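Reader: I'd like to go through this one with you and ask how each label was earned. Can we start with the model itself?

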Amino acid sequence: MAGAAALAAAVAGCGGQAPEDEAAASAAARAASEGQALAAARAASARYHDVAVAEAEGFAPLSPCVASPAGAMGIHYINLARLLDPSIEADAPEALLYLPTADGLALVGVEYVLPIFHDGAPWIGSTPPDAADVPPRPSLFGQAFQGPMEGHGPGEPWHYDLHVWIWRNNPAGTFAQWNPALSCP
């Protein structure tokens, strides 16, 4: 009987929830928050289905259609002002991912990018930046960014990035770098 009283007191001390229930509630709250952030990213990027709107708001193509044996990313449209701003916000991606189609460019995803800076400028080079210049790995939507990594083309800085396939299903996962369901023409 004393064991039952001790158990009741322990549960009462946890606000009436067992520790497993608190962990599950915390995980559910985190998932709901991440889902709301993804919904915000989708709502904020919906206007960019029209590439002319993206261009009018400062996005410009940086790459050809990028593909690998793992799938495709598409054409990266970068907003330089957002790229140079170190803040990461769900409703303000630094890059938009477009796939060429018979009907023009189709928005398939967004990308969040945090460049690595050295002496106030993005670090561009084939050698890794000094460890003192590398900020902690950012995260968004409960996902750690990939990197740091070298730029993907000439003149591109070392960076962290997170691809988010909010406009086209990715069988490898919403946050996978490559989308195996896509290919460049």
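Author: Sure, starting with Cys184: at 22% relative accessibility it counts as partly exposed, because buried means under 20% relative accessible area, exposed over 50%, and partly exposed in between (1.4 Å probe, protein chains only). Before going on, note that this is a predicted model, where local features need pLDDT of at least 70, side-chain atom pairs count only at pLDDT 80 or more, and totals for chains, interfaces and linings use all residues. Residues are numbered from 1 along each chain as its sequence is written, and side-chain values use heavy atoms, with hydrogens and water left out.

Reader: What makes Cys65 and Cys184 a disulfide?

Author: The S to S distance for Cys65 and Cys184 is 2.0 Å, and a disulfide is a pair of cysteine sulfur atoms within 2.5 Å, so the pair qualifies. The structure holds one disulfide. This pair links distant parts of the chain, 119 residues apart: Cys65 sits in the loop between β1 (59-61) and β2 (66-68), and Cys184 in the segment after β11 (159-164). Helices (H or I, at least four residues) and strands (E, at least two) are DSSP runs, numbered from the N terminus.

Reader: Which hand does the link of Cys65 and Cys184 have?

Author: Left-handed, with -80° about the S-S bond.

Reader: And why is Cys65 called partly exposed?

Author: Its relative accessible area is 21%, which is not under 20% and not over 50%, so Cys65 falls in between.

Reader: How do you know that Arg47 forms a salt bridge with Glu57?

Author: The closest N and O atoms of Arg47 and Glu57 are 3.0 Å apart. A salt bridge is a side-chain nitrogen of Lys or Arg within 4 Å of a carboxyl oxygen of Asp or Glu, so this pair passes. Arg47 lies in the loop between α2 (19-45) and α3 (51-56) and Glu57 in the loop between α3 and β1, so the bridge ties together parts that are ten residues apart in sequence.

Reader: Are those two buried or exposed, or in between?

Author: In between: Arg47 has 39% relative accessibility and Glu57 has a relative accessible area of 33%, so both count as partly exposed.

Reader: What makes 49% of the chain's contacts stand apart?

Author: Contact means heavy atoms within 4.5 Å. Among contacts between residues at least 6 apart in sequence, 49% join residues at least 24 apart.
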